[in-house]
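Please look through the structure shown here with its charged pairs, its metal site, its strands and its cysteines in mind. The report that follows takes up these topics in turn.

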Amino acid sequence: MLKDNKYPQNNLKPNAIDVSPSFDKQFWASAYQNVSEELTNQSLVVTKGCLPKNLCGTLFRNGPGQMERGGKWIHHPFDGDGMITAINLNEGNASITNRFVRTQAWEEETKANKFLYRGVFGTQKPGGVLSNAFDLRLKNIANTNVMILGDELLALWEAAGPYALDPKTLETKGLSNLNGVLKVNEAFSAHPKFDPGHHQKKKIVTFGVKTGPKSKIRLMEFVDEGEQCGHLIHDNTYNFKGFAFLHDFAITPNWAIFLQNAISINPIPFLLGQRSAAQCLYSSPRNQSKFILIPRESGSFKGQNPRLFNAPDGFVFHHLNAWESNEEVTIESIYYKDFPSIGPEQDFRKINFDSLPEGLLKRCKINLQKESISTTIISKQCCEFAMVNPNFVGRKARYAWMATSECEEGNGPLQNIKKLDLKNGASSKWSASPEGFVGEPIMVPSKYSPNEDEGWILIMVWNGDRNATDLVILDSKDLTLQAKIDLPLAIPHGLHGCWVNT
Ligand code: CO
């Protein structure tokens, strides 16, 4: 393990030439194309290996599917309209259904064949600054994650309400207020946490943020099994100082843990139509990153005030996991040196990976009694989309699976799946290089084994050689390839998803 301060400080090489031999940039960039078809229960053919018989269920994935309209490209992939893919596996058979989420904006823009809304990450409407100035409407693109809550399949985008879809046909039913839980267009996080039974019953813990000079976090817990499945059982709102950009969080039996990044917003270029909302975010050295620990209603500290602790420098989108031991809370997260943004003049398809900070997995131990924090780097290799066995969420896990770059240090596109032993640092990898680019790995534990690393890893892989997407299934224990399916579809590099057993 490396101590934080032993790691080289300057990892940013803004003028470096991208000469990484592990990937072809054209192959990487070729994933960014409009999803051209919507398939319905189309049978799939396994092209390598065979499907595990015990792996029965549906992989749901969300991500941007609309990259261009009327010849104009989105400015950042995060601005692409959400497209849901559902791959059903059933006793050796596989089929695929995919649908765009029919959001209000998607319907209007499809009819007009042009962008009618500004995107949060930099996409502007045609017509220049004048056409964009003072247009503060938020375009809910429902592109970040997909989850089952009660009997609804929800497409999530954190700054607005969820869109409900039919879990079988993926037909959009419309914006959902979750049976009256949410106000019209209330923010609802794209990073729910699935409590595997910290207090006997399974629950879904999630949140919504209302941000501004002061921010509010609404923390919600829903029942996730039995007759009451989908019912809201805990609901509390907390006020905090400062602008909060909270994409993800972590849970333990007693705490919901947030990391408030030290960033600020200068909204003026956004109001004037010169920059998007996200392009107005900047690291604020005057601010201090904070961990916010909110007591869970079902835990031992119920009713107590949230606790705040100084957090390490850097910017965090995603956490791996958190757990408690004695007076310590430990949280593992992926840290960037700075907020990675794509400026108004840059084309995301030509981005120089070396000019962007890489994500490093770090472990922070927060001592609640001494109010002290210690940080260690647990993986120096650029990574994203890390997860533990879902049965170990909120508990100390031995293993993690994540997407990493091919290069050992510095930044690069995600091409490997890495299994990391969190106890001793040992790791193994599966590589899709040079033509393949991996998305978020989803670990599906075996129902028939108590071993933490027994099960499968499901990954959507962009295959630049084939100009289409592959579904790859690995053995989660040793990362050997179990099955590969050449999907009859080109799906751009995606975001998050989930597995639902049948
Ligand atoms: Co995310």
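At 38% relative accessibility, K477 counts as partly exposed, a class that lies between buried, under 20% relative accessible area, and exposed, over 50%, as computed with a 1.4 Å probe on protein chains only. Its salt-bridge partner D453, by contrast, is buried, with a relative accessible area of 6%. The side chains of D453 and K477 meet at 3.4 Å, N to O, where a salt bridge is defined as a side-chain nitrogen of Lys or Arg within 4 Å of a carboxyl oxygen of Asp or Glu. This pair links distant parts of the chain, 24 residues apart, with D453 in the loop between β33 (442-445) and β34 (455-463) and K477 in the loop between β35 (468-475) and β36. Strands here are DSSP runs (E, at least two residues), numbered from the N terminus.

The model is predicted, so local features need pLDDT of at least 70 and side-chain atom pairs count only at pLDDT 80 or more, while totals for chains, interfaces and linings use all residues. Residues are numbered from 1 along each chain as its sequence is written, and side-chain values use heavy atoms, with hydrogens and water left out.

**Salt bridges**

Side chains of opposite charge can pair when their charged atoms come close. The structure holds 21 salt bridges, and the table sets out three of them.

| Pair | N to O distance | Separation in sequence |
|---|---|---|
| R69 and D81 | 3.9 Å | 12 residues |
| D453 and K477 | 3.4 Å | 24 residues |
| R466 and D486 | 3.8 Å | 20 residues |

In the pair of R69 and D81, R69 belongs to strand β6 (residues 68-69) and D81 to strand β8 (residues 81-90), and both residues are buried. These two residues are also part of a network of salt bridges that links R69, D81, E109 and K139. In the pair of R466 and D486, R466 sits in the loop between β34 and β35, whereas D486 lies in strand β36. R466 is partly exposed, with a relative accessible area of 31%, and D486, at 25% relative accessibility, counts as partly exposed too.

**The strands around β35**

What joins β34 to β35, and in which sense do they run? Eight bridges join these strands, which run antiparallel; two strands are taken to pair if DSSP finds at least two bridges between them. Within this pairing, M460 has L471 in β35 as its bridge partner. The hairpin of β34 and β35 has four residues between the strands, and N467 takes a positive phi near 55 degrees there.

On to β36: five bridges join β35 to β36, again in an antiparallel run, and L474 stands opposite L481 in β36. β35 and β36 form a hairpin with five residues between them, in whose turn L479 has a positive phi of about 60 degrees. β35 itself is mostly covered, with seven of its eight residues buried.

**The cobalt site**

Which residues are the protein donors of the cobalt ion? They are H191, H247, H318 and H496, each through its NE2 atom, lying 2.0 to 2.1 Å from the ion; donors are N, O and S atoms within 2.8 Å of the metal (3.2 Å for Na, K and Ca), and since water is not among the atoms, sites may look incomplete. The four donor atoms subtend angles of 93 to 157 degrees around the cobalt ion, which makes the arrangement irregular. Along the chain the donors follow the spacing H-x55-H-x70-H-x177-H. H247 lies in the loop between β17 (232-241) and β18 (250-251) and H496 in the loop between β36 (481-486) and β37 (497-501), so this pair ties together parts that are 249 residues apart in sequence. Both H247 and H496 are buried.

**An open sheet**

Four strands form an open sheet in the order β14-β15-β16-β17, with antiparallel pairing. Its edge strands are β14 (193-199) and β17, each of which pairs on one side only. β14 and strand β15 (residues 201-210) pair in the antiparallel sense over four bridges, and H199 stands opposite K201 in β15.

**Cysteines**

A search of the whole structure finds zero disulfides, a disulfide being a pair of cysteine sulfur atoms within 2.5 Å. The sulfur of C382 is 6.3 Å from the closest cysteine sulfur, in C407, which is too far for a bond. C382 counts as buried at 4% relative accessibility, and C364 counts as buried at 0%.

How values were computed. Tetrahedral: all angles 85-135°; square planar, octahedral: opposite > 155°, others 65-115°.
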